[in-house]
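Grab a pencil and work through these exercises one at a time. Try each task before you peek at its solution.

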Amino acid sequence: MIEIKFFKAENQLIGFESKGHSFSAPSGKDIICAFVSSACLMAANTITDVIGLDADAASEKGFLRLMINGSAESAQDILNGLKLHLSELQKDYPHNINVIISEV
């Protein structure tokens, strides 16, 4: 199962972590993993490279983590959009995706 954890502090999203695999198809042919990976990478790249926020990021096969350093105000629309997108995917694939909100 893919677990996507959103981190929240002071009523704002400040980052996310995606880890695991959906196991709905063989590696390289799993469209659920591709959906999640693509959405998370787009959000992370938009936050760091388009908006230009300082963030700690880590990525390896089956894992992506992004934590914003400092104010996350300008990233709220992106993070909330990602959370909505992945929550809707979770409704379609409840055995493959789990979205969690974690207070830090």
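**Exercise 1.** Find where lysine 91 and glutamate 88 sit, then work out how their side chains are linked.

*Solution.* Step 1: both lysine 91 and glutamate 88 lie in helix α2, three residues apart, which is about one turn of the helix. Helices here are DSSP runs of H or I with at least four residues, strands are runs of E with at least two, and both are numbered from the N terminus.

Step 2: lysine 91 makes a salt bridge with glutamate 88, and their closest N and O atoms are 3.0 Å apart. That term needs a side-chain nitrogen of Lys or Arg within 4 Å of a carboxyl oxygen of Asp or Glu.

Step 3: lysine 91 is exposed at 59% relative accessibility, whereas glutamate 88 is partly exposed at 37%. The cut-offs are under 20% relative accessible area for buried and over 50% for exposed, with partly exposed in between (1.4 Å probe, protein chains only).

A word on the input: this is a predicted model, so local features need pLDDT of at least 70 and side-chain atom pairs count only at pLDDT 80 or more, while totals for chains, interfaces and linings use all residues. Residues are numbered from 1 along each chain as its sequence is written, and side-chain values use heavy atoms, with hydrogens and water left out.

**Exercise 2.** Trace the salt-bridge network that includes Glu17.

*Solution.* Step 1: glutamate 17 is in strand β2 and is buried, with a relative accessible area of 10%.

Step 2: the side chain of glutamate 17 forms a salt bridge with lysine 19 (3.9 Å, N to O). Lysine 19 is partly exposed at 36%.

Step 3: arginine 65 also meets glutamate 17 in a salt bridge, at 2.7 Å from N to O. Arginine 65 lies in strand β4 and glutamate 17 in β2, so this pair ties together parts that are 48 residues apart in sequence.

Step 4: put it together, and shared partners join Glu17, Lys19 and Arg65 into one network.

**Exercise 3.** Work out the strand order of the sheet and name its edge strands.

*Solution.* Step 1: five strands make an open sheet with mixed pairing, in the order β3-β4-β2-β1-β5. Two strands pair if DSSP finds at least two bridges between them.

Step 2: β3 (55-60) and β5 are at the edges with a single partner strand each, so one side of each has no neighbour in the sheet.

Step 3: β1 and β2 run antiparallel, joined by seven bridges. Phenylalanine 6 has phenylalanine 16 in β2 as its bridge partner.
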